[in-house]
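I am opening a fresh notebook page for a structure that is new to me. Come along while I look things up one by one.

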Amino acid sequence: MNANLLKFNFILVILSTLAMFTPVFSGYVLGGFMLVVVLLSRFETRTSGQIVIRARFLTLLRPLSNASLVLWMLLILAGLWAAAETEHPDYKALRQGLGNVGVKYVILWFAYLSFWWRAAAFRKLWTAFALSYAVAAVVHGAFCVAQRQLGLDWAHGFSGVLNPGRFAYGVYRISGFMGHPLTLGYCQALALVGCLTLWRNAEERWEKNAWLVASIAAALVLSLSGSRGPIASALIGFALICPFTGFLRHWKITSIGLVGLVIFAWYFGLFARFSELFQSGVGGDARALHLAVHWRIFTEHLFHGLGPGAPREAISAYYLSYGIGDSIKLAHNAFLQFAADYGLLGVAGVVNWVVSYLFVARRTSIVKSGLYALLAVSVSGAMSQNTYQDSGFMFSLTVWTMLLVAREVSVRDFPTGRPKDENFVTGKGGATS
C-alpha cells in the first residue's frame with residue numbers, strides 16, 4: 001500500500017472512532033469514502049499474508065453477508081406484495097422504507113466489509129483505532145456528564161439545550177451527540193461488551209489500557225443514561241463475557257465492586273428510574289398497548305404485513321380503534337415491528353439474520369464470547385425497542401462485529417510470538433490482489 005493511500009486509511013480509521021459517538025450520517029459518509037479506498041487499491045500489490053487475512057475475514061462474515069441480502073430481498077417482496085393489495089399505496093413511503101432497510105443491512109454492511117479487514121492486516125491502523133477510540137470515549141463521557149447536569153445539546157449547536165421532555169427523576173436523560181437517549185444507551189451497551197472483549201484479548205499493555213479506559217467510559221455513560229433497557233442488555237452481555245465462575249474465583253473484588261455499584265446507583269437515582277416500571281402510566285402498560293396494536297396488524301396481514309407503503313391513515317385506524325391518539329406508531333419490539341410491517345416474510349428474514357450471527361460466532365474462538373455478547377445485547381434490546389430498525393444501533397453493531405472478527409483473524413491466523421513485519425502479517429510476499 002503506497003504512503004498516500006495508507007494516510008487516507010489512517011484518516012478514515014480515526015474519523016470512524018468519532019462516528020461511533022455522532023449521528024449515523026457521519027458513518028454513512030465514511031462508508032462512501034471506504035468504497036473510494038477500495039477502488040483506489042484495486043491495483044495495489046498485496047502480500048500473501050494480506051490476501052489470506054482478507055479472505056479469512058470475508059469468509060468468517062459470509063453467513064451475515066448472505067443473510068443481509070436475503071433479508072432485504074424478502075422485505076422487498078413483502079413490501080411490493082402489500083402495496084399491490086393496498087387500495088391507495090404511498091409509493092414514496094414504500095421506496096423510503098425499503099431504501100432505509102437496504103442502506104442499514106446491505107449498503108452499509110458491504111461498504112464496511114470492504115474496508116475493515118485492513119484493521120487485521122495493518123498493525124498501525126489497529127493502533128490508531130484503539131488509541132483514538134479511547135480518547136474519543138473519554139471526551140464523550142465527559143460531555144455526557146455535563147449534559148446530564150446542565151442539559152447541553154451540542155448536536156444542535158453550542159447554545160443548544162435539551163428540551164424539558166428529557167428531564168426525568170431530577171436530571172436530564174442524556175443522548176450525547178446523538179438524537180435519542182435509547183440510541184445512545186444501546187450503542188454504549190455494544191461498546192462496553194466490544195471494548196471488554198478486545199481488552200481481554202489485547203496483546204500489549206498499551207492496548208489493554210486503551211480498551212479498559214474505553215470500557216470504563218462506556219460503563220459510566222450507561223450508568224448515567226437513565227435508560228433501563230440498555231443497562232439490562234449490557235448486564236446480560238457482560239455476564240457472557242465474564243462468566244459467573246470468574247466472579248466466584250475473585251469473590252472479594254466482586255463483593256467490593258457490587259457494594260460500590262449499589263452505592264453509585266442509589267446516589268445517582270438509578271433505583272428510582274427502575275421503580276417507574278411499576279408505576280401506572282409510566283411503566284409497561286403504555287408499551288403493552290403498542291404491542292397489542294402491532295400484533296393485531298400482524299395477524300390481520302399475516303404473510304406480507306401492512307407494508308411500508310401503507311397510507312398513514314391505515315395504522316392510525318388501529319390506534320383510534322383503541323380510543324387513543326396515534327402520535328407514536330412503533331411496536332417497541334423489533335421483531336414485532338418486522339412482523340407488522342412485513343408479515344411472516346419479514347419475520348423469516350430477521351430470524352435468519354439472527355441465526356446467521358450465531359453461525360459467525362460459532363466459527364470463532366478468540367472472540368466467541370464477545371460476539372455472543374453483542375448478539376445478546378441486540379436481541380434483548382430488540383425485545384423492548386426497535387433496535388433493528390435504528391440506523392445508529394445497526395451502524396454500531398456493524399462496526400463492533402467487524403472489529404471483533406478482525407481481531408479473531410489477526411490473532412488466530414498470525415498469533416503472538418510469530419515474527420511479524422510492520423503489519424500483522426509475516427513476510428513481504430509478491431502476490432497481488
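**Entry 1: getting my bearings.** Before counting anything, I note that helices (H or I, at least four residues) and strands (E, at least two) are DSSP runs, numbered from the N terminus. With that in hand, I looked up the secondary structure and found 17 helices and two strands. I also remind myself that this is a predicted model.

**Entry 2: the protein as a whole.** How much of the protein is made up of buried residues? I found that 50% of the 433 residues are buried. Next I looked up the accessible surface, which comes to about 19,400 Å². Carbon and sulfur atoms hold 69% of that surface. I then turned to contacts with a separation of 6 or more, and 78% of them are between residues 24 or more positions apart.

**Entry 3: the cores.** I went looking for nonpolar residues packed inside. In soluble globular proteins, nonpolar side chains tend to be buried together. Here the largest nonpolar core has 95 residues, and Trp116, Tyr133, Tyr388 and Trp400 have the most contacts inside it. Which helix gives the most to this core? I found that helix α17, residues 391–413, does so with twelve residues. I also noted a second, separate core of eight residues, with Val293, Ala310, Tyr318 and Tyr319 among them.

**Entry 4: two residues up close.** I picked Trp116 and listed what it touches, leaving out residues up to four places away in sequence. Among its partners are Val13, Met34, Phe57 and Phe129, and also Met402, Leu403 and Ala406.

Then I moved to Ala191, which I found in helix α7. Ala191 has a relative accessible area of 1%, so I wrote it down as buried. With the same sequence neighbours left out, Ala191 touches Tyr133, Ala218 and Trp400. I checked Ala217 too: its C-alpha atom is 9.6 Å from that of Ala191, and the two residues are 26 apart along the chain.

**Entry 5: salt bridges.** How many salt bridges does a search of the whole structure find? The search gives three, and I went through them in turn.

- The side chains of Arg123 and Glu204 meet in one of them, at 3.2 Å from N to O. Arg123 sits in helix α6 (residues 123–150) and Glu204 in the loop between α7 (181–201) and α8 (205–225), so this pair ties together parts 81 residues apart in sequence. Both ends are partly exposed: Arg123 has a relative accessible area of 24% and Glu204 has 34%.
- Arg407 forms a salt bridge with Glu207, and their closest N and O atoms are 2.2 Å apart. This pair links distant parts of the chain, with Arg407 in helix α17 and Glu207 in helix α8, 200 residues apart. Are these two buried or exposed? I found Arg407 buried at 1% relative accessible area, and Glu207 buried at 3%.
- Arg296 and Glu300 also meet through their side chains, at 3.2 Å from N to O. They are four residues apart in helix α13, so about one helical turn separates them. Arg296 is partly exposed at 31%, and Glu300 is partly exposed at 45%.

**Entry 6: two histidines.** I stayed with helix α13 (residues 284–300), where His290 has its place. The relative accessibility of His290 is 13%, and the cut-off for buried is under 20%, so His290 counts as buried. Which side chain does His290 join in a polar contact of 2.8 Å? It is that of Tyr319, a residue I had already met in the second core.

His332 caught my eye for its backbone: its phi is positive, about 60 degrees, although the residue is not a glycine. I located His332 in the loop between α14 (312–321) and α15 (334–362). His332 is buried, with a relative accessible area of 14%.

**Entry 7: a look at the surface.** To finish, I looked for nonpolar residues on the outside. Phe25, Val29, Phe33, Val36 and Leu40 make a nonpolar surface patch of about 460 Å². I chose Phe33 from this patch and placed it in helix α2, residues 25–40. Phe33 is partly exposed, with a relative accessible area of 39%.

Methods: Residues numbered from 1 in each chain as written. Predicted model: local features only at pLDDT ≥ 70, side-chain atom pairs only at ≥ 80, totals over all residues. Heavy atoms only, no water. Core = buried A, V, L, I, M, F, W, Y, C linked by side-chain atoms within 4.5 Å. Buried < 20%, exposed > 50% of the residue type's maximum accessible area, 1.4 Å probe, protein only. Contact = heavy atoms within 4.5 Å. Patch = residues over 30% accessible without salt bridge, like charges linked within 9 Å, V, L, I, M, F, W, Y side chains within 5 Å. Areas by Shrake-Rupley, 256 points an atom, 1.4 Å probe, with all protein chains shown as cover. Salt bridge = Lys/Arg side-chain N within 4 Å of Asp/Glu carboxyl O. Polar contact = N/O pair within 3.5 Å; in protein donor to acceptor, adjacent residues only side chain to side chain.
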